[in-house]
Amino acid sequence: MAIDGLIILDANGRPIIQSGYTSFPPAYPLLHIDALNNELAKAPSSGIIDPVVYVSSGGGGDMPDCSACCHIQVREIRMLASISGDMDPLVAFAFLQAFHDILQDYFGTVSTVTLKGNFDTVYQLIEEILDSSGHPLTTSSSILRDIVLPPSLLSTLLASLPASSSSVGRSAGPISLNSTGGAFASPIPWRKIGLRHKSNEILFDVTEEMRAIVGRNGATLASNVIGTIECNSRLSAGMPDLLVSFSNPNVMAECAFHPCVRLQRWKRERILSFIPPDGKFVLEEYQYAPPQKAVVNNLPIPVSLKPNITIGELGGNFMVTFTSRMTKSMENVKIEWYLGEDATGAQCTLSGAGSGVGSTGGAEGSWTFDSRKKTLRWEIPTMHSLGSRILRGSWTSKAQVPRPAHAFQIRFELPSHSFSSVRIDQVRLSSELYKMYKGVRVQSCGSIEWRW
């Protein structure tokens with residue numbers, strides 16, 4: 001199984017760059033571009049379409065009988081991976097996400113202007129991460145930076161070279177940009193040799209996301225917590241060996257690790273033993289498994305939503321009460337409601353529970369109506385513990401019988417909070433003599449669909 005090729009489209013659906021489709025006729029990538037653009041043209045104003053689009057071969061003799069394109073949207077551009085045969089689409093999506101992370105690491109912002117301005121660098125990256133047979137190769141940014149120089153570093157090196165450096169290079173041999181022997185000189189593929197940092201430190205970010213669906217009667221239909229441990233390593237010298245222990249590792253299930261983690265040590269002692277790559281990387285991903293196995297997919301929801309909605313002709317009225325069940329403050333609460341394709345506007349007031357005082361902003365947050373996406377958005381910067389907020393209002397529609405979405409989308413953040421209570425207990429360094437600074441940050445967020 002392999003990926004047929006990679007295509008990047010701009011906001012108008014035109015290709016910016018694509019990999020070489022050496023095993024397929026020239027019309028093959030065009031079929032996938034046209035299929036995706038046709039689906040986008042038929043999509044509603046929200047622009048949401050299926051992530052996997054079937055592509056008809058059109059009866060061509062050299063075309064695969066069964067193919068599809070997997071795509072993700074990043075700002076105004078779309079990244080498309082074409083697949084055929086019995087290829088698993090999840091592999092294509094994992095590759096697209098890895099490629100996006102690489103571009104973000106190289107350029108900071110992934111946009112049409114950035115990609116066109118660094119066309120040569122992007123094309124070199126595609127050649128290095130996807131071989132001619134469609135199999136992913138090097139997807140580690142720390143290794144790629146030795147093979148494909150980032151634009152800023154490349155400009156600095158070229159500016160520092162004398163005008164006659166090209167002739168000197170030809171007479172004295174090739175100029176080596178890596179005096180330690182190149183990108184693959186290290187015995188460990190994810191870590192370069194000869195690293196030097198002014199301060200030796202490693203930082204851990206433990207982030208947990210709750211994903212849940214709540215039914216019309218307020219009962220939780222599904223909920224789970226997915227955790228990610230990200231690291232930023234700046235450790236000098238050779239091969240620093242780290243041991244990371246947790247206060248309650250048994251609540252982490254379905255774990256996925258970076259290749260640097262020694263699996264046998266984790267299975268035996270529930271301790272992470274590894275030699276870290278240099279820079280940022282994802283050390284571990286896991287799913288929260290509470291001690292009560294019966295509620296693994298029915299975790300308590302930290303918020304409550306009570307919608308009272310009346311649909312009439314050419315619009316409707318509503319009153320939505322949002323309540324926090326947490327004993328600490330939430331931040332960046334966003335509640336979205338799709339009002340239907342024919343919605344034309346909305347009028348709302350905000351108040352605290354029991355106050356009866358209406359406003360358009362302040363401590364209760366603010367609301368906006370997106371006329372392009374037909375979405376009503378309620379934002380609360382800070383939601384205090386066990387507090388309630390009320391959104392009252394009405395909306396208008398061109399349809400005689402409006403058809404708003406029967407679900408609200410709720411998102412929130414919880415700084416310094418962990419749903420699973422996972423804590424990094426100790427970080428120990430061996431095989432190196434210097435002192436290491438270590439830092440740990442914990443945060444959580446939620447994404448809940450609340451139906452009515």
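Over how many bridges do β12 and strand β13 pair, and in which sense? The first of the close-up views below, which show a predicted model, takes up this pair of strands.

**View 1. An open sheet of four strands, with the pairing of β12 and β13 in the foreground.** Strand β13, which covers residues 315-324, pairs with β12 in the antiparallel sense, and the two are joined over ten bridges. Within this pair, N308 stands opposite M319, the latter a residue of β13. Both strands belong to an open sheet of four, in which the order is β12-β13-β18-β15 and the pairing is antiparallel. The edges of this sheet are taken by β12 (303-312) and β15 (343-352), each of which pairs on one side only. From one strand to the next, the twist of the sheet averages 15 degrees. As background to this view and to the next one, strands of a sheet pair through backbone hydrogen bonds, and they may do so in either the parallel or the antiparallel sense.

**View 2. An open sheet of three strands in the order β10-β8-β20.** The pairing in this sheet is antiparallel. Strands β10 (271-274) and β20 (424-430) stand at the edges and have a single partner strand each, so that one side of each is left without a neighbour in the sheet. The twist from one strand to the next averages 15 degrees. Strand β8, residues 241-246, is paired with β20 over six bridges in the antiparallel sense, and in this pairing V244 stands opposite V427 of β20.

**View 3. The largest pocket and the elements that line it.** The space in the largest pocket comes to about 1500 Å³. Its lining consists of 42 residues, and of these D101, S141, K280, F281 and V282 lie nearest the centre of the pocket. At least two lining residues are supplied by each of the helices α2 (89-107) and α5 (141-147), and likewise by each of the strands β6 (201-214), β7 (220-234), β9 (252-257), β11 (279-288) and β21 (437-451). By class, the lining is made up of 18 nonpolar, twelve polar and twelve charged residues. Domain 1 (3-155) and domain 2 (201-298 + 420-446) each contribute at least three residues to the lining of this pocket.

**View 4. The largest cavity, with its lining residues shown.** Counting cavities of 30 Å³ or more gives one, and the largest cavity has a volume of about 40 Å³. The residues that line the largest cavity are V320, I335, E336, W337, L376, W378, L391 and F408. Two elements, β14 (330-338) and β17 (375-383), give two or more residues to this lining, and β14 gives the most, with three residues. Seven of the lining residues are nonpolar and one is charged, while none is polar.

**View 5. V113 in helix α3, shown together with D10.** The helix that holds V113 is α3, which covers residues 112-117. Is V113 buried or exposed? With a relative accessible area of 68%, V113 is classed as exposed, because this value lies over the cut-off of 50%. Although V113 and D10 are 103 residues apart in sequence, their C-alpha atoms are 9.6 Å apart in space.

Technical notes
Residues numbered from 1 in each chain as written. Predicted model: local features only at pLDDT ≥ 70, side-chain atom pairs only at ≥ 80, totals over all residues. Heavy atoms only, no water. Pairing = 2+ DSSP bridges. Axes fitted to C-alpha atoms, helices over the stretch in contact; angles between N-to-C directions. 1 Å grid on protein atoms, 1.4 Å probe; cavity = no way out; pocket = protein on both sides within 12 Å on 5 of 7 lines; lining within 4 Å. Points joined across faces, edges and corners; volume = space filled by probe spheres on them. Nonpolar A, V, L, I, M, F, W, Y, C, P; charged D, E, K, R; others polar. Buried < 20%, exposed > 50% of the residue type's maximum accessible area, 1.4 Å probe, protein only. Domains from an automatic or database assignment.
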